[in-house]
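User: Hi, could you walk me through this structure at a first-year pace? I would like to start with the overall picture and then look at single residues.

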Amino acid sequence: MEKRATGAKNAIPVSRDIDGDNDEDNSRISRDDSTVNDTARARWTLLRQVLRKKQVDSPEMKQVSVRRFSSFDLFSRKRTVIHETSNTSDDQWVEYRSVSLPKYSALLRVHLGPLKVNEVLNSFDNTGNVCVWPSEEVMAHFCLQKRTVFKGAVCELGGGMTCLAGLMVAICADVREVLLSDGNEKSIHNVRELVDKNRQSGVFSSTSVSARVLRWDCDSDISPLEGHFDVVMCADCLFLDQFRASLVDAIRRLLHPKGTALVFAPRRGQTLALFCDLAQQAGLVISQHQQYDPYVWDMHLKMMKEGKEAYDENIHYPLLLTLTKGPQTVSSFK
Ligand SMILES: C[S@@+](CC[C@H](N)C(=O)[O-])C[C@H]1O[C@@H](n2cnc3c(N)ncnc32)[C@H](O)[C@@H]1O
């Protein structure tokens with residue numbers, strides 16, 4: 001177990017954290033209007049990308065974006081053609097296969113088409129529809145390594161457009177039930193389709209797998225599931241100031257008294273530390289881990305040494321937090 005650390009000094013603007021457009025316009029927003037809240041900044045940057053018709057995966061975006069570091073390369077990706085009348089020409093199905101445990105793979109649809117202006121302005125947080133963030137990929141890898149520890153019912157919160165980690169648990173672990181969730185309807189529409197595709201390909205055995213919109217701040221979403229889950233997990237969900245307290249509350253309520261929550265997130269300025277403070281205030285017992293997997297740690301050290309231009313530990317290296325409801329609960333994930 002490692003000691004809790006306080007957040008990094010010199011927090012950088014969240015809009016850069018999320019989508020990483022650190023060009024002149026963005027710094028002007030940060031300098032001139034410090035009262036604009038974090039979500040507004042994030043939405044503005046996404047909107048600006050849409051209006052400029054930039055694809056976030058385009059080569060020029062990779063150059064300027066903090067997403068220039070986009071993966072720990074824990075999964076190989078192979079385009080897969082799925083012949084079905086319901087598929088549109090925009091559909092891009094990709095087989096994600098674990099590099100360390102290649103017998104485990106999942107079919108994902110990772111390109112949901114360009115973000116539309118009205119989606120960015122009117123719909124709920126769209127950061128989960130941009131890409132599979134490195135923390136999600138790392139969490140999926142970690143779940144594969146720890147597959148024998150999972151049991152019972154598992155819930156992923158804020159899983160974005162793929163819920164890759166929850167999906168991998170459904171594929172590799174002997175669990176009764178996996179609920180994949182996010183607050184964004186478009187994300188969940190996609191997750192439902194990929195659950196169907198993976199079910200058809202026969203990877204789930206007897207596990208019951210479902211996907212639904214679940215908002216951390218919505219009591220009617222949380223109440224019916226109170227105390228239900230042996231494992232609750234989420235990746236890169238700590239940066240939204242207005243939802244951090246409701247995320248803590250959702251984790252606490254959804255978790256079985258003897259359950260464990262796994263939270264993967266980069267430090268991102270003070271955001272991880274603020275989450276830890278709230279979780280402690282809510283009575284949760286937290287451990288913070290920096291070296292939780294040898295492969296990810298080696299990759300991190302290599303990037304720190306050789307990839308300084310692209311890699312910033314503060315926004316790219318996910319720490320692992322394990323949370324339990326009491327000190328008497330020994331988490332098997334440590
Ligand atoms: C940065 S994305 C991370 C997505 C995914 N875990 C990944 O790492 O690729 C944050 C996710 O949190 C979700 N989210 C934000 N606020 C939420 C809330 N109040 N309730 C449920 N989901 C929320 C967003 O929809 C988004 O998918």
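Analyst: What follows goes from the whole chain to the sheet, then to some helices and single residues, and please keep in mind that this is a predicted model.

User: Okay, how many helices and strands are there in the protein?

Analyst: The secondary structure comes to 13 helices and ten strands. Of the 334 residues in the protein, 42% are buried, and among the contacts with a separation of 6 or more, 77% are between residues 24 or more positions apart.

User: What is the order of the strands in the open sheet?

Analyst: The open sheet has seven strands in the order β6-β5-β4-β7-β8-β10-β9, and its pairing is mixed. At the edges stand β6 (208-213) and β9 (285-289), and because each has a single partner strand, one side of each is left without a neighbour in the sheet. On average, neighbouring strands of this sheet are turned by 15 degrees against each other, if direction is ignored.

User: And what holds strands together in general?

Analyst: Strands of a sheet pair through backbone hydrogen bonds, either parallel or antiparallel. Here, β7 (residues 229-235) and β8 (residues 255-265) run parallel and are joined by six bridges, and in one of these strands, β8, L255 is the bridge partner of F229.

User: Which helices pack against that part, starting with α6?

Analyst: Helix α6 (residues 134-145) packs on the sheet, where it touches β7 and β8, and its direction makes about 130 degrees with that of β8. Helix α10 lies across β4 (153-156), β7, β8 and β10 (319-324), and runs at about 145 degrees to β8.

User: Since you mention α10, is D249 in there buried or exposed?

Analyst: D249 is found in helix α10, which covers residues 244-254, and it counts as partly exposed because it has 17 C-beta neighbours inside 10 Å, whereas a residue needs 20 or more to be called buried. D249 and L278 are 29 residues apart in sequence, and their C-alpha atoms are 9.1 Å apart in space.

User: Let's go to β5. Why is it called largely enclosed?

Analyst: Five of the six residues of strand β5 (residues 177-182) are buried, so the strand is largely enclosed by the rest of the structure. The chain reaches β5 from β4 through helix α7 (residues 164-172), and this β-α-β crossover is right-handed. β4 and β5 run parallel and are joined by four bridges, with V178 in β5 as the bridge partner of V154.

User: And what about β5 and β6, in which sense do they pair?

Analyst: They pair in the parallel sense, over six bridges, and L180 stands opposite A211 in β6. A right-handed β-α-β unit is made by β5, helix α8 (residues 185-200) and β6.

User: Going back to α7, how many of its residues are buried?

Analyst: Nine of its nine residues are buried, and the helix is mostly covered. Among them are L164, G166, M168 and C172. Another residue of helix α7 is L167, which counts as buried because it has 28 C-beta neighbours inside 10 Å.

User: Which residues is L167 in contact with, leaving aside its neighbours within four places in sequence?

Analyst: With those neighbours set aside, L167 is in contact with A106, T162, L180 and N198. The C-alpha atoms of L167 and V209 are separated by 8.3 Å, although the two residues are 42 residues apart along the chain.

User: Changing topic, which residues are closest to the ligand?

Analyst: The closest are G128, W133, G158, G160 and G183, out of 23 residues that surround the ligand. The residues of this shell divide into seven nonpolar, ten polar and six charged.

User: Last thing, what is the phi of D73 and of R268?

Analyst: Most residues other than glycine have a negative phi. D73 has a positive value, near 55 degrees, and R268 also has a positive value, near 40 degrees. D73 lies in the loop between α4 (59-64) and β1 (75-80), while R268 has its place in the loop between β8 and α11 (271-281).

User: Are those two buried or exposed?

Analyst: D73 counts as exposed because it has 12 C-beta neighbours inside 10 Å, whereas R268, with 25 C-beta neighbours inside 10 Å, counts as buried.

Notes
Residues numbered from 1 in each chain as written. Predicted model: local features only at pLDDT ≥ 70, side-chain atom pairs only at ≥ 80, totals over all residues. Helix = DSSP H or I, 4+ residues; strand = E, 2+ residues; numbered from the N terminus. Near = placed C-beta within 6 Å. Nonpolar A, V, L, I, M, F, W, Y, C, P; charged D, E, K, R; others polar. Contact = placed C-beta atoms within 7 Å. Pairing = 2+ DSSP bridges. Axes fitted to C-alpha atoms, helices over the stretch in contact; angles between N-to-C directions. Right-handed = clockwise from strand over helix to strand, strands pointing away.
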